[in-house]
Amino acid sequence: MTTEETVRYAPEHTPRLAWAQHAPEVYKAMLRLDTAARQGLDPRLLELVKIRASQLNHCAFCLDMHSKDALAAGESVERILQLGAWEESKHFYTEKELAALELTEAVTVLTDGFVPDEVYGRAAKHFEEAELSQLIAAITVINAWNRFGVTCRMVPGHYEAGKHR
Amino acid sequence: MSRTDRLDREVGRALSALSAAAKKGLGDPALAELVVIRASQVNHCAFCLDMHLAIAREHGVGERQLDLLAAWEEAGDVFDERERAALALTEAVTVLTDGFVPDAVYADAAKHFDEVRLAHLLALIVAVNNWNRVMVSRRIPPGGHTP
């Protein structure tokens with residue numbers, strides 16, 4: 001294994017703050033929220049949403065976790081990789097998944113403006129009301145995990161698939 | 001086009017539990033309202049602004065701070081160093097898509113808040129971002145809150 005001997009990767013960074021240890025009640029509430037928000041949603045779709053939001057928010061820890069969970073759940077490498085350019089890879093996804101990804105971007109990037117009517121409308125065409133409400137909640141919750149992960153510089157690479165599912 | 005006003009009851013309870021845990025651990029209701037209002041300004045949440053401007057006044061936050069919050073960086077001594085550190089962190093954590101939370105911003109917050117308070121301040125910023133998202137996405141109109 002000569003390659004492994006010669007390739008030297010950059011050192012791992014140190015996390016800033018062990019937030020869950022310092023705020024156990026907050027962590028408990030996050031787990032409760034996560035469980036509540038995923039009810040009624042297709043787990044495969046949910047992983048795509050989580051990966052795309054984590055890409056937009058640059059959460060390395062979350063990308064590590066959700067790409068591993070998606071792969072373990074049988075998702076294809078191609079569909080995970082193309083998420084970074086899903087608008088030009090539409091034939092990799094169903095219309096319903098595309099509507100969810102579009103909504104994910106709009107809800108994640110609120111600072112660019114409101115969630116546009118067209119985006120909401122397309123999502124509402126593919127998701128019935130209760131499911132759509134859960135989808136909005138789930139997009140919100142991955143945004144929440146992203147914020148903890150990025151701010152605390154949580155370190156990617158150590159997650160094992162299924163540990164937090 | 002009308003949007004859903006539906007929010008799963010358990011999701012709503014969990015969102016509230018998160019906000020309550022964060023506020024309790026931060027232990028500074030007036031500062032909490034400044035943070036919540038600033039995030040709601042950045043995320044353009046009309047419902048949240050309406051509600052929290054009312055709550056801030058109940059907690060005795062002064063009109064001058066509320067008036068100048070959107071331009072806190074240029075507001076001189078209207079905000080003290082601790083409030084400024086919290087507001088800078090609020091903006092950095094709210095706008096993740098522009099880049100990571102800068103070291104200088106994090107370090108300044110860590111100077112003014114010990115680790116337990118800092119973890120709860122972060123949780124509060126996350127919690128208001130949650131409410132901003134569920135309200136803006138569903139276009140919930142302002143005015144629902146009665147003090």
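Three short exercises on chain A and its contact with chain B follow, each with a worked solution.

This is a predicted model: local features need pLDDT of at least 70, side-chain atom pairs count only at pLDDT 80 or more, and totals for chains, interfaces and linings use all residues. Residues are numbered from 1 along each chain as its sequence is written, and chains are lettered from A.

**Exercise 1.** State how many helices and strands chain A has.

Solution. Take helices as DSSP runs of H or I with at least four residues, and strands as runs of E with at least two, numbered from the N terminus. Chain A then has nine helices and zero strands. Its order from the N terminus is α-α-α-α-α-α-α-α-α.

**Exercise 2.** Determine what share of the residues in chain A is buried.

Solution. A residue is buried if 20 or more other C-beta atoms, placed from the backbone, lie within 10 Å of its own. Of the 165 residues in chain A, 41% are buried. As for extent, the C-alpha trace of chain A spans about 55 × 40 × 30 Å along its principal axes.

**Exercise 3.** Find how many residues each chain gives to the contact, and which helix of chain B supplies the largest share of its side.

Solution. Count two residues as in contact if their C-beta atoms, placed from the backbone, lie within 7 Å. Chain B gives 42 residues and chain A gives 41. On the side of chain B that touches chain A, helix 1 (9-26) and helix 7 (115-137) of chain B each supply at least two residues. The largest share, 16 residues, comes from helix 7 of chain B.

Conventions
Buried ≥ 20, exposed ≤ 12 C-beta atoms within 10 Å, placed from the backbone.
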